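Subject: Structure handover

Hi,

Here is the structure I promised to pass on. Please open it next to this note.

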Amino acid sequence: MAKLVSLYNHPTDPAAFDEYLHATHIPLVKKIAALRSLEISTGGVFTPEGPAPYHLVGVLSFDSMADLQSALSSPEGQAAGADVANFATGGATILVFESTQV
């Protein structure tokens, strides 16, 4: 399995971020071929010590790294990636990795 994790920093307008995420960005992401699942955090994001510097965490799952890379380079993946700048006013960190269940 391959994962893409988006760590969204706190935006300047959290309500506008959330509205745009649900109305526009998530529908774009769901158009990406080979996407197996899409998860987003609910409530706050925390570390064991307390609040984290993130407003929201998104996790996209694919069967393989090849599927993930193909998805990101597709027109739908490019559109979703370009869209992040339209609402993530606090910035975002994107992580990509392969995973296995242990």
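My findings follow, from the whole chain down to single residues.

First, a caveat: this is a predicted model.

Overall fold

The chain has six strands and three helices. Read from the N terminus, the order is β-α-β-β-β-β-α-α-β. The radius of gyration is 14 Å, and the globule rule gives 13 Å for 102 residues, so the chain is as compact as a globular protein of that length. Along the principal axes, the C-alpha trace spans about 35 × 35 × 15 Å.

Contacts are strongly weighted towards distant partners. Take those between residues at least 6 apart in sequence: 76% of them join residues at least 24 apart.

Surface and charge

Of the 102 residues, 35% are buried. The accessible surface is about 6,000 Å². Carbon and sulfur atoms hold 57% of that surface. The chain carries 4 positive and 10 negative charges. The mean positions of the two sets lie 9 Å apart.

Nonpolar cores

Which residues form the largest nonpolar core? There are eleven: Ala 2, Leu 4, Val 29, Ile 32, Leu 35, Leu 60, Phe 62, Met 65, Leu 68, Ala 71 and Ala 80. Three elements each supply at least two of them: strand E1 (2-9), strand E5 (54-62) and helix H2 (65-73). H2 gives the most, with three residues.

Ile 32 is a good place to look inside this core. Leaving out residues up to four places away in sequence, Ile 32 touches Phe 62, Ala 71, Glu 76, Gly 77 and Ala 80. Of these partners, Phe 62, Ala 71 and Ala 80 are listed in the core too.

A separate core has eight residues. Among them are Tyr 8, Phe 17, Ile 26 and Leu 56.

Three residues to check

Ala 34 sits in the loop between helix H1 (14-29) and strand E2 (37-40). What is the sign of its phi? The phi of Ala 34 is positive, at about 75°, although the residue is not a glycine. Most residues other than glycine have a negative phi. Is Ala 34 buried or partly exposed? Its relative accessible area is 35%, so Ala 34 counts as partly exposed.

Gly 91 lies in the loop between helix H3 (75-83) and strand E6 (92-98). Its relative accessibility is 24%. The cut-off for buried is under 20%, so Gly 91 counts as partly exposed. Which residues does Gly 91 touch, beyond those up to four places away in sequence? They are Leu 7, Tyr 8 and Asn 9. Gly 91 and Asn 9 are 82 residues apart along the chain. Their C-alpha atoms are separated by 5.6 Å. Tyr 8 also belongs to the eight-residue core.

Phe 97 is in strand E6. At 34% relative accessibility, this residue is partly exposed as well. Neighbours within four places aside, Phe 97 is in contact with Met 1, Ala 2, Lys 3, Val 5 and Met 65. Of these, Ala 2 and Met 65 are members of the eleven-residue core. How far is Phe 97 from Glu 39? The two are 58 residues apart in sequence and 16 Å apart in space, C-alpha to C-alpha.

That covers the handover.

Best wishes

How values were computed. Residues numbered from 1 in each chain as written. Predicted model: local features only at pLDDT ≥ 70, side-chain atom pairs only at ≥ 80, totals over all residues. Heavy atoms only, no water. Helix = DSSP H or I, 4+ residues; strand = E, 2+ residues; numbered from the N terminus. Rg over C-alpha atoms; globule rule 2.2 N^0.38 Å. Buried < 20%, exposed > 50% of the residue type's maximum accessible area, 1.4 Å probe, protein only. Contact = heavy atoms within 4.5 Å. Areas by Shrake-Rupley, 256 points an atom, 1.4 Å probe, with all protein chains shown as cover. Lys, Arg positive; Asp, Glu negative; His and termini not counted. Charge placed at Lys NZ, Arg CZ, Asp CG, Glu CD. Core = buried A, V, L, I, M, F, W, Y, C linked by side-chain atoms within 4.5 Å.
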